[in-house]
Amino acid sequence: MAFDHQARVNEHASSAAPRRRGFTQAEAPILARPLARSGPMIEFIGTVRVLAILIVTASSLAVPPLGRDVAFAQIAGASTPNGNESPKGEDVSRRPVSAGPEFAREADAWISDALARLEVVPGLAVAVVVDDTVVLADGWGMADLEAGIPATEETVFYIASATKSFTALAGAILDADGRVDLDSSVASHLNGVTLDPEMHAEEVRLRDLLTHTSGIDNDPIPIRLAYTGEHDPETLWRLLGESTPNEDAPLGTFDYTNFGYNLYTMFTDRELGVRWQDLLAREVFGPTGMERTSAYTSLPKDRGWPVAVPYNGLGASGVEPVGLDKTDATMQSAGGIVTTAQDLGRWIRFQLGNGRIDGVQVIGADVVKHTHEPLVEASGRPPFAWHHYGLGWGHGDVHGRTLLHHSGGYPGFRSFVSFSPDLDMGVAIVANESIVGSSLVDVFATWIYDWWLSAPNTEDSIAPLLERRDEVRKRFEASRSERAVRQWALGRPRADYAGVYEDPIWGTVVIEEQDGDLEVRAGNLHCIATAFEKPETMRVELIPGQGYIVRFFPENIDEGPVREVEIDGVFYKRAKGR
């Protein structure tokens with residue numbers, strides 16, 4: 001079916017709307033919001049402005065309860081070589097594939113030196129493909145410090161939003177086979193759900209969901225899918241009715257979110273009777289020969305594969321595990337794949353071969369090429385900015401040559417997957433630390449492309465990361481010290497705050513007393529609360545690096561027991577008898 005995307009962009013949006021969201025774009029306000037019943041309170045670690053890694057929901061700065069784009073801070077302003085910003089059409093020649101051994105030696109020396117100097121990124125794995133040859137697939141450092149497991153090309157890493165290119169390919173396959181038409185309207189798949197007429201569901205196409213241009217907002221679904229894990233098909237379908245028009249980015253305007261991908265696979269799950277995880281295994285992982293790639297976290301563990309542990313390199317005791325593990329329930333179609341550098345090498349070869357790998361056309365060339373088309377205007381941050389977005393791939397440039405790429409991030413993980421058809425090469429990097437590791441991945445990817453294009457940057461690209469690492473570490477330490485001397489301002493016995501609190505949209509919050517501490521859980525999220533100075537409040541860090549102020553009602557303890565708690569602007573009512 002023909003699809004004139006640009007015509008519809010022009011029809012619904014005469015100019016680009018202000019971006020409330022964006023892939024690694026937004027800067028988060030550090031100051032806590034005023035303590036008022038009408039608004040939530042957030043308290044971030046440190047006092048600097050930090051670049052947000054838009055990990056799961058990519059929602060607006062008017063951020064959703066119990067989960068934000070700012071799931072973990074990345075070092076801001078890290079300097080990277082500017083070789084990839086060369087003018088379009090610059091005459092830059094790529095080295096021959098025979099330079100692979102030399103490259104492997106120099107890359108090993110570069111990353112070994114970087115990890116040793118930074119000291120806070122436990123492990124990293126890389127795949128580099130040139131002319132359908134994997135010239136490097138290896139790992140450095142440690143996948144699991146506690147268990148003494150090194151990072152190798154066979155270590156399983158979580159790749160977060162780099163999942164989108166896999167989901168979009170599955171969508172293109174279903175479209176080509178006539179099973180799920182990407183040009184069908186969202187309205188035709190709603191099956192009884194009523195959406196606000198301002199969302200124009202009859203005009204929004206499934207393709208718009210995968211290109212982040214649907215104009216539809218919904219925060220509860222992505223938060224439940226990616227963070228809390230509190231969901232089932234019936235609950236998600238009910239929450240679809242909570243969708244709202246995206247006033248800042250109407251239909252046809254690019255606004256990076258996870259919801260479009262989540263909604264697309266909600267439709268396919270219902271209509272095909274196959275879960276999206278199993279659909280990817282059948283339609284994508286199997287044909288491409290990605291034998292250690294899965295949309296289930298349980299599968300690698302069941303099979304005994306080495307799995308990378310997520311870390312915070314700037315923790316209170318140094319490098320420490322992040323207390324937020326991915327489970328099968330929090331793997332979702334916009335960010336829900338674990339894979340290895342070895343498999344990512346096959347993925348890049350498959351992309352560069354337009355569906356052909358090991359001499360076999362495993363998926364139609366036209367289908368794969370369709371996912372490579374630039375469909376909408378987009379933007380992103382350096383060093384690998386987007387100027388367009390297609391089906392699961394952002395489009396940018398490296399030395400004036402087309403570069404298709406996608407990054408992913410989550411507390412303790414960072415991924416970058418890329419390839420250039422013009423250069424017939426690609427780079428994939430995964431790391432198990434997301435504060436310093438995020439910038440390290442960008443710097444290393446830039447170094448790799450520069451090396452192959454004989455455009456090395458002679459400056460020390462690690463030195464700026466060291467400076468910012470030290471700066472952020474000092475601010476984190478100061479913030480922890482300030483919080484350590486706070487006095488509790490809870491007037492009731494600890495047991496009086498314990499209970500189960502519910503909200504029909506956002507889910508359940510459980511507070512339990514544990515040896516005088518108050519443990520707070522929201523599905524997969526959990527932490528021990530700490531003191532806050534305002535009456536009847538406490539601080540929780542359900543998402544690592546992101547503090548929320550919990551407020552109990554009634555605030556006047558003479559008015560009786562706790563009946564309600566506020567977290568991030570949502571009021572959870574105590575469940576009857578609990």
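Which residue lies over the face of W237? In this predicted model, the residue is R270, placed at 3.8 Å from the ring centre. W237 belongs to helix α6 (residues 233–240), where the buried residues are T235, L236, W237, L239 and L240. Among the elements that cover these buried residues are α5 (220–228) and α7 (259–272). The N-terminal end of α6 is capped by D232, with a side-chain oxygen 3.1 Å from the backbone nitrogen of E234.

The chain as a whole contains 13 helices and 29 strands. Of its 578 residues, 60% are buried. Among contacts with a separation of 6 or more, 67% are between residues 24 or more positions apart.

One such long-range arrangement involves R95, a residue of the loop between β3 (70–74) and α2 (100–118). In sequence, R95 and S454 are 359 residues apart, yet their C-alpha atoms are 7.1 Å apart in space. A polar contact of 3.2 Å links the two side chains, that of R95 and that of S454. The side chain of R95 also reaches the backbone oxygen of W451, at 2.9 Å. In addition, the charged end of R95 sits over the ring of W451, 3.7 Å from the ring centre. Leaving aside residues up to four places away in sequence, R95 touches E102, W451, W452 and S454.

Aromatic pairs in the whole structure number 24. In the pair formed by W451 and W452, the ring centres are 5.1 Å apart and the planes meet at 70°; the pair is therefore edge-to-face, since planes over 60 degrees apart are classed in this way. Both tryptophans are part of one aromatic cluster, which consists of F103, W110, F444, W447, W451 and W452. W451 has a relative accessibility of 5% and so counts as buried, the limit being under 20%. W452, at 0% relative accessibility, also counts as buried. The ring of W451 thus takes part in the aromatic cluster and also lies beneath the charged end of R95.

Helix α10 (residues 341–352) has 12 residues, which at 1.5 Å a residue should span 16 Å; the end C-alpha atoms are 16 Å apart, so the expected and computed spans agree. Because 11 of the 12 residues of α10 are buried, the helix is largely enclosed by the rest of the structure. The buried residues are A341, D343, L344, G345, R346, W347, I348, R349, F350, Q351 and L352. Just after α10, N354 adopts a positive phi of about 50°.

Strand β27 (residues 546–553) is likewise largely enclosed by the rest of the structure, because 8 of its 8 residues are buried. Both faces of the strand are covered: Q546, Y548, V550 and F552 are buried on one side, and G547, I549, R551 and F553 on the other. Strand β26 (residues 537–543) runs antiparallel to β27 and is joined to it by 5 bridges. Within this pairing, Y548 of β27 stands opposite V540. The hairpin of β26 and β27 has 2 residues between the strands, and G545 in this hairpin takes a positive phi near 85°. β27 is also joined by 4 bridges to strand β28 (residues 564–567), again in an antiparallel arrangement. The bridge partner of V550 in β28 is I567.

Several backbone features fall in loops. Most residues other than glycine have a negative phi, and most peptide bonds are trans. The peptide bond from F553 to P554 is cis, with omega near 0°. P554 is placed in the loop between β27 and β28, while F553 is one of the buried residues of β27. H212 has a positive phi, near 60°, and is found in the loop between α4 (206–210) and β8 (216–217). With a relative accessibility of 4%, H212 counts as buried. A positive phi, near 50°, is also found at H399, in the loop between β17 (394–398) and β18 (401–410). H399 counts as buried at 3% relative accessibility.

Definitions and conventions:
Residues are numbered from 1 along each chain as its sequence is written. This is a predicted model: local features need pLDDT of at least 70, side-chain atom pairs count only at pLDDT 80 or more; totals for chains, interfaces and linings use all residues. Side-chain values use heavy atoms; hydrogens and water are left out. Rings of Phe, Tyr and Trp (its six-membered ring) pair if their centres lie within 6.5 Å; planes under 30 degrees apart count as stacked, over 60 as edge-to-face and the rest as tilted. Buried means under 20% relative accessible area, exposed over 50%, partly exposed in between (1.4 Å probe, protein chains only). A charge sits over a ring if NZ of Lys or CZ of Arg is within 6 Å of the ring centre and within 35 degrees of the ring normal. The expected span of a helix is 1.5 Å times one less than its number of residues. Contact means heavy atoms within 4.5 Å. A polar contact is a pair of N or O atoms within 3.5 Å; within protein, one must be able to donate a hydrogen and the other to accept it, and residues adjacent in sequence count only if both atoms are side-chain atoms. Two strands pair if DSSP finds at least two bridges between them.
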